[in-house]
Amino acid sequence: MTAASDLTGVILAGGESRRMGTDKAFFEVDGVPMITRVVETLRQTCLEVVVVAKAACAYSGLGARVVIDAEPFQAPLVGVCSGLRAVLTPWAFVAACDLPYLAPEAVRLLARLARGHDAAVPLVGGLWHPLHAIYSAGSVSALEAQLAQGTRRMVSALEALRVRPVGEEELARADPSLRTLCNVNTPRAGQRQGRADSPWK
């Protein structure tokens, strides 16, 4: 399937990676840096890929446009706003850099379900996944207003948007294993996730 002409992939890579102990974007799962996996998946589904980072040099070899985070280390919400301000399409898929099993069909599903809303966000097991979600570019104004009011948590900021929740059964149509939502924040988690059924083996 071709990439959507109205969708940009936005990858957040501006965090401190405290639990990982090193830049988690380049932590390898099955021999492939996690951010490389995310970039390649979003290239299949999006017109362009943008990386939001605290410095451009480390990410220049990924073949993606790099945007400097307005306030690195502050909060994911700041990075989301920086990314949405940079996109040239009506929609963006926002992903954390530590999603090594991001599924292209999950991106496409969320993009379809977002129509008529400001965002489409997985809600699985009672938990929101705002860094594996579709946002309209226009939603940045409402999110920045939340920042101005002191909000830092993405889940809290979602209350300002018309969100299409995407439950487990719906998401499983695109990825029955739901591994698309699995993030890797520690080296041990990376070892646990690297299994023989990985498509990157």
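**Salt bridges in a predicted model**

Good morning. R65 is partly exposed, with a relative accessible area of 30%. I begin with this residue in what is, I should say at once, a predicted model.

R65 has a charged partner: R65 forms a salt bridge with E48, and the closest N and O atoms of the two are 2.7 Å apart. This pair links distant parts of the chain, since R65 belongs to strand β5 (residues 65-68) and E48 to strand β4 (residues 46-53), 17 residues apart. E48 also counts as partly exposed, at 24% relative accessibility.

In general terms, side chains of opposite charge can pair when their charged atoms come close. How many salt bridges does a search of the whole structure find? The search finds nine. I shall present two further examples.

The next is between D6 and R115, where the closest N and O atoms are 3.1 Å apart. D6 lies in strand β1 (residues 4-12), while R115 lies in the loop between α3 (104-113) and β7 (119-124), so this salt bridge ties together parts that are 109 residues apart in sequence. D6 is partly exposed at 22% relative accessibility, and R115 is partly exposed at 39%.

The last example joins E170 and R164, whose side chains meet in a salt bridge at 2.9 Å, N to O. Is E170 buried or exposed? E170 has 19% relative accessibility and therefore counts as buried, the limit being under 20%. Its partner R164, with a relative accessible area of 21%, is partly exposed.

Thank you for your attention.

Terms used: Residues numbered from 1 in each chain as written. Predicted model: local features only at pLDDT ≥ 70, side-chain atom pairs only at ≥ 80, totals over all residues. Heavy atoms only, no water. Salt bridge = Lys/Arg side-chain N within 4 Å of Asp/Glu carboxyl O. Helix = DSSP H or I, 4+ residues; strand = E, 2+ residues; numbered from the N terminus. Buried < 20%, exposed > 50% of the residue type's maximum accessible area, 1.4 Å probe, protein only.
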